[in-house]
Amino acid sequence: MLRFLDLTLAGLTSGAVYAAIALALVLIWRSTRIVNFAQGGMLMITTFIAYTVISHGGSYWLALVVAVLSGFVLGGVVERVLIRPVEKRPPLDAVVVTFGLLVLLQGLAGMIFGGTPRSYPPAFSIIGFRAGDHRLLFAPNDLWVVLVVCGVMVLLAVVFRWTSLGLRMRASAFAPEVSRLLGVRVGRMLTVGWALAAAVGALAGVLIAPSTFVSPTAFDAFLVFGFTAAVIGGLDSPPGALVGGVGLGLALSYVSGYIGSDVVALGALVVLIAVLMVRPRGLFGSPVGRRV
Amino acid sequence: MLDVTGLTAAYGPVRALDGVDLHVEAGSITAVLGANGAGKTTLLRAISGMLRPRAGSVRLAGRDVTGRAPEDLVRRGVSHVPEGRGVIVELTVDENLRLGGLWRRDRGWLRDGPARMYELFPPLAARRSRRAETLSGGERQMLAIARSLMSKPTLLLLDEPSLGLAPRTTAEIVATLLQLRDDTGLTLLLVEQNAQTALSVADRAVVLNLGRKVEDDTADRLAADDRVRHAYLGL
């Protein structure tokens, strides 16, 4: 029973991280119908920037703020400079561009920071909470991760649902042409969408960093699981990203704990296939056609 | 108010609009008539900036606005209600309305405007917090028009407002528009396949055929002209 509790808590933490990455992918997919394969490279770069801040004596919190801000800027710049020219072209063009950017960013990071993995400090203690004489697989830092991801979800939900910026962004995503007729500067909304998504990604990078090492390729596995979570959730829906992320985190934690850690990737594949067999558009996916 | 000269537009190699001239007086209602494929919708799209014209010019109150983006033209008082209504079905009725007035950055209007629209189009009031996909065809048309009015336009471009609507609904909408014209001096440019309805409310009408303007006269005279009625209007 205690083991089950441990696995559940550990799954919750990693699920929160997958959900954050999935959210970054979903935000971009919703607004531009592009899967941002460069997301891993982008959050790797911003995490390296945060690492640089810390290694120069900056605090964890300063590094966090710098990472999120640089993610925001990076996302906006990438949309303006690289994505805008391919937005109206066949989808494969955008796939090639984002893949190219991923390779470019990983190459750049290797040149600037080198290939040696660096360790990144956690915000809070990583020694598990005590339950009786048992130490749970859930530390104050894990609680922090879960709370931050939940907070970001709530914040974004509020922005999208209740602010005029959110209304304009939703309208641009659903009906770009009509939105322009109503005076919405749709191009600007796409830039903001990419910037927001990259900021969420940057946050996820800093949250992941203490549990792995910071290196040009260290985040690849997280991206694969984040992408899996996004597809499970429907690729279109922020709540889907949360449910997909936490669901996947839990499932993989049980697989790793009860079956073996070497079949985790296989477990992700099984979960993905099972969900898509029952619901081909993902848990929260919208139907293929848009009724007007 | 609106002066269009030599407007030419094309989709790829297909020329949909060929040197069309059009003059619209402030506060008037002008109908654009013609068969399917005559270029009526293209004319509206070229005026509202959704389609960049190949040649010709669009002048608004003396100012050249040819090829301006739609989001800029809205800020100059042009509002286009697209064909098929263009209501954003994922948003609620209230959100659709607010969206129409957002660019004005006028908090007071964002609060009072929707209430004013619910007075003009009472069927919408009961559904304000429902998603627009739950609306009937007539309600969607009302919402699309109301949403355009939220931008306080001086020139309203309407594409086939009667399409697929019951005659009674069409009559209600037309009555509201006429009242608005009388109250606020709104100028209307109306594309219609239903020539009878359009000619009964319009001051002037132009007839397009294969992208060219073939008639341009007062609505009364066009309605009385048997040759025009048979050749282009199917009356």
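The exercises below, each with a worked solution, concern a predicted model with chains A and B.

**Exercise 1. The interface**

Determine how many residues of chain A are in contact with chain B, and which helices of chain A supply them.

Solution. Start with the count: 17 residues of chain A are in contact with 23 residues of chain B. Next, assign the chain A side to helices. Helix H6 (164-174) and helix H7 (176-181) of chain A each supply at least two residues of that side. H6(A) gives the largest share, six residues. Last, sort the chain A side by residue class: nine are nonpolar, two polar and six charged.

**Exercise 2. A helix pair in chain A**

Describe how helix H1 (residues 2-32) and helix H5 (residues 140-162) of chain A pack.

Solution. Two packed helices are described by the angle between their axes and the distance between the axes. Here the axes come within 9 Å and cross at roughly 35°. The crossing of H1(A) past H5(A) is left-handed. Then list the residues that meet. H1(A) contributes A:Leu12, A:Thr13, A:Ala16, A:Val17, A:Ala19 and A:Ala20, while H5(A) contributes A:Asp142, A:Val145, A:Val146, A:Val149 and A:Val152. By class, this contact holds nine nonpolar residues, one polar and one charged.

**Exercise 3. Strand E7 of chain B**

Establish whether the residues of strand E7 (residues 155-159) of chain B are buried or exposed, and which strands pair with E7(B).

Solution. A residue is buried if 20 or more other C-beta atoms lie within 10 Å of its own. By this criterion, five of the five residues of E7(B) are buried. Separate them by direction: B:Leu155, B:Leu157 and B:Asp159 point one way, and B:Leu156 and B:Leu158 the other way. Now take the pairings. Strand E6 (residues 78-81) of chain B pairs with E7(B) in the parallel sense over four bridges, with B:Val78 bridged to B:Leu155. Strand E8 (residues 187-191) of chain B is also parallel to E7(B), over five bridges, and B:Leu156 has B:Leu188 as its bridge partner. Finally, trace the connection: the chain runs from E7(B) through helix H7 (residues 167-184) of chain B to E8(B), a right-handed β-α-β crossover.

**Exercise 4. The antiparallel sheet of chain B**

Give the strand order of the open sheet of four strands in chain B and identify the edge strands.

Solution. The order is E2-E1-E4-E5, with antiparallel pairing. Strand E2 (14-24) and strand E5 (63-64) of chain B each pair on one side only, and are the edge strands. Strand E1 (residues 2-11) of chain B joins E2(B) over seven bridges; B:Val4 is the bridge partner of B:Leu22. To finish, place the helix: H1 (residues 40-48) of chain B packs on the sheet, touching E1, E2 and strand E4 (55-60), and its direction makes about 70° with that of E2(B).

Key: Residues numbered from 1 in each chain as written. Chains lettered and ligands numbered in written order. Predicted model: local features only at pLDDT ≥ 70, side-chain atom pairs only at ≥ 80, totals over all residues. Contact = placed C-beta atoms within 7 Å. Nonpolar A, V, L, I, M, F, W, Y, C, P; charged D, E, K, R; others polar. Axes fitted to C-alpha atoms, helices over the stretch in contact; angles between N-to-C directions. Left-handed = near helix turned anticlockwise from the far one by under 90°. Buried ≥ 20, exposed ≤ 12 C-beta atoms within 10 Å, placed from the backbone. Pairing = 2+ DSSP bridges. Right-handed = clockwise from strand over helix to strand, strands pointing away.
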